[in-house]
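User: I'd like to learn how to read a sheet and a core in a model like this. Can you walk me through it?

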Amino acid sequence: MKYLKTLNAIHAKLGRLGDLPVFSATVNRIQQISSSKESDAMALAMAVMKDANLSARLLRLANSTYYNRSGARINVISRAVIMIGFDEIKNLSVTLKLIECFHKANPDTDVASLLMRSFLTAAISREMAMQAGLDDIEETYTCGLLHGLGEIVYACTLSDEYRQLQQLQSSTNQPWKRIQLEHIGAHFSDIGQELAQSWGFPPSVVASMDAMTAEEPKGSVRRNFEITSSVDRLLQLLYGQGQPQPNSFSSVIEKMSQITGANEDTLKQSLSRGFKMVSDMASEYGLSQQSLNPPLRQSGDDDLDEFARKASYYIHTQQQINQAEDINPPPPAVEEPDNTGALAKIQLDYLQELGELVNQQTPIPALLKKVIEGIVAGTSLDRAGFVMLSPDRQQLRLRLGDGDCLEDLQRYFNLKAGQGDDFFFKVLRKQMTLLVTDTQESGWPERLPEAFRAKANPRGFIMAPLSAGKRILGFLYADQLSDKNALEQETFRGFNQFYMQAKMALAYSSQQNG
């Protein structure tokens with residue numbers, strides 16, 4: 001119950017933060033285009049240019065010493081895309097949005113250092129994956145980026161409580177994980193996994209974020225956890241969060257060598273490249289280089305102190321270079337509209353009512369009915385419904401619904417598996433949220449079932465899985481009709497608030513009945 005209260009408080013605060021990274025329409029569009037074999041550099045450049053702030057950041061990165069070895073000035077996004085690469089653009093877009101979102105909300109807290117540490121974990125993990133010869137190094141990058149997500153979100157949304165936990169650790173010297181468990185009811189990794197899953201990251205990425213969920217699976221999940229956790233351990237030593245012992249740095253490097261198959265010198269070079277990459281980005285959001293600079297000390301571990309000295313020297317030197325360069329500043333960030341007005345008031349009323357229904361242990365069908373009503377009344381979405389999966393997992397049927405042209409949705413969502421229209425069955429099996437901002441864009445007309453486009457005919461839609469314990473119940477669906485504009489990120493944020501209420505109600509119900 002303590003953990004559910006914590007999650008509820010976090011989601012309430014997240015709703016006010018604005019452009020959450022994976023909810024961003026720009027990031028979703030970039031993800032779709034970069035994943036399509038038919039897309040080219042110009043299509044990706046056009047998607048990036050729809051976000052003026054992101055365009056300016058990527059151009060500056062394209063001209064940084066890490067990416068631009070030739071020194072020739074890059075002035076257009078299409079050239080930046082070709083030089084940096086599709087996968088890297090996708091990674092950087094998510095990273096930049098993550099930093100922008102959380103740092104903008106908490107510019108004066110420790111979130112800045114947590115964000116840079118997260119990016120550093122991602123950059124070094126990517127280097128480790130390259131040394132290990134993994135097939136999908138971009139997935140390893142994502143795992144590294146999200147490794148500390150739970151702590152970042154907790155510090156950002158519940159900053160007073162986070163500072164209390166820090167003070168408790170410094171005054172009692174208790175293990176950090178024990179403090180989390182006693183005062184939150186879970187670990188930060190549990191919070192991170194909950195959010196990553198709700199934001200639609202692949203199950204393999206979510207599973208790799210915690211030791212327990214990464215223990216059973218073989219292959220990439222286990223390897224990604226081993227890489228990111230060893231990088232995290234090394235950074236804890238480097239930044240003084242762990243208690244170094246003689247040769248502790250070397251023991252972590254040795255562990256990395258066992259994981260990747262690379263020798264010690266190669267791994268140290270990879271570590272240096274990770275630091276250089278992050279140092280080149282640190283100034284982009286006004287993040288203090290001090291948060292990236294490791295402390296110089298006599299730890300008793302000579303290898304650790306030597307690496308810290310080299311990293312510190314590079315960061316100081318790069319900071320001076322960046323200050324000396326004549327770089328045009330990026331245009332001011334476009335202010336996100338405040339979530340005010342009639343729809344925001346309706347959302348708040350429904351969410352308060354749903355909170356009361358959860359406390360009263362209202363039956364799940366009645367709760368879902370209220371969630372669906374709230375989505376239609378409190379967002380610009382035209383229709384919403386609960387599509388139920390049969391116990392044998394062979395049929396999908398719309399059981400609850402509200403909004404315009406509901407009959408068209410009912411006619412389509414009466415599906416049987418194995419009859420040539422398995423798109424929604426496949427997405428549901430992956431247990432990930434699917435956001436399609438515009439069904440007319442980026443190859444979606446070819447990927448979506450023809451019958452779905454003909455009968456339901458949405459312009460944009462969302463499907464989000466619902467489970468009770470380990471049992472998959474079905475998914476929450478909502479869309480905008482074809483005569484409307486593409487689905488906006490503000491609309492998705494509204495949907496997600498209701499979706500999270502439904503998930504928490506199901507989790508609480510499973511806990512009570514389990």
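**Reading the sheet and the cores**

Analyst: Sure, and keep in mind that this is a predicted model. Let's start with the sheet: it is open, has 6 strands in the order S3-S2-S1-S6-S5-S4, and pairs them antiparallel.

User: What holds strands of a sheet together in general?

Analyst: Backbone hydrogen bonds pair them, and the pairing can be parallel or antiparallel. In this structure, take S5 (residues 458-468) and S6 (residues 471-481): they run antiparallel and are joined by 10 bridges. Along that pair, Ile462 sits opposite Ala478 in S6.

User: Which strands stand at the edges?

Analyst: Those are S3 (414-416) and S4 (434-436). Each has a single partner strand, so one side of each has no neighbour in the sheet.

User: And what is the average twist from one strand to the next?

Analyst: It averages 20°.

User: Which helix lies across S1, S2, S5 and S6?

Analyst: That's H20 (residues 364-378), running at about 55° to S2 (395-403).

User: Now the cores. Which residues touch the most other members of the largest nonpolar core?

Analyst: Leu149, Tyr154, Leu235, Phe275, Ile375 and Phe495 do, out of 117 residues in that core. Helix H7 (residues 111-132) gives the most to this core, namely 10 residues.

User: What is Ile375 in contact with, leaving aside neighbours within four places in sequence?

Analyst: Ile375 contacts Leu381, Ala384, Leu476, Ala478, Phe495 and Phe498. There is also a second, separate core of 25 residues, with Phe413, Phe425, Val436 and Ile472 among them.

Technical notes
Residues are numbered from 1 along each chain as its sequence is written. This is a predicted model: local features need pLDDT of at least 70, side-chain atom pairs count only at pLDDT 80 or more; totals for chains, interfaces and linings use all residues. Side-chain values use heavy atoms; hydrogens and water are left out. A nonpolar core is a set of buried Ala, Val, Leu, Ile, Met, Phe, Trp, Tyr and Cys residues joined through side-chain atoms within 4.5 Å. Buried means under 20% relative accessible area, exposed over 50%, partly exposed in between (1.4 Å probe, protein chains only). Helices (H or I, at least four residues) and strands (E, at least two) are DSSP runs, numbered from the N terminus. Contact means heavy atoms within 4.5 Å. Two strands pair if DSSP finds at least two bridges between them. Axes are lines fitted to C-alpha atoms, for helices over the stretch in contact, and angles run from 0 to 180 degrees between N-to-C directions.
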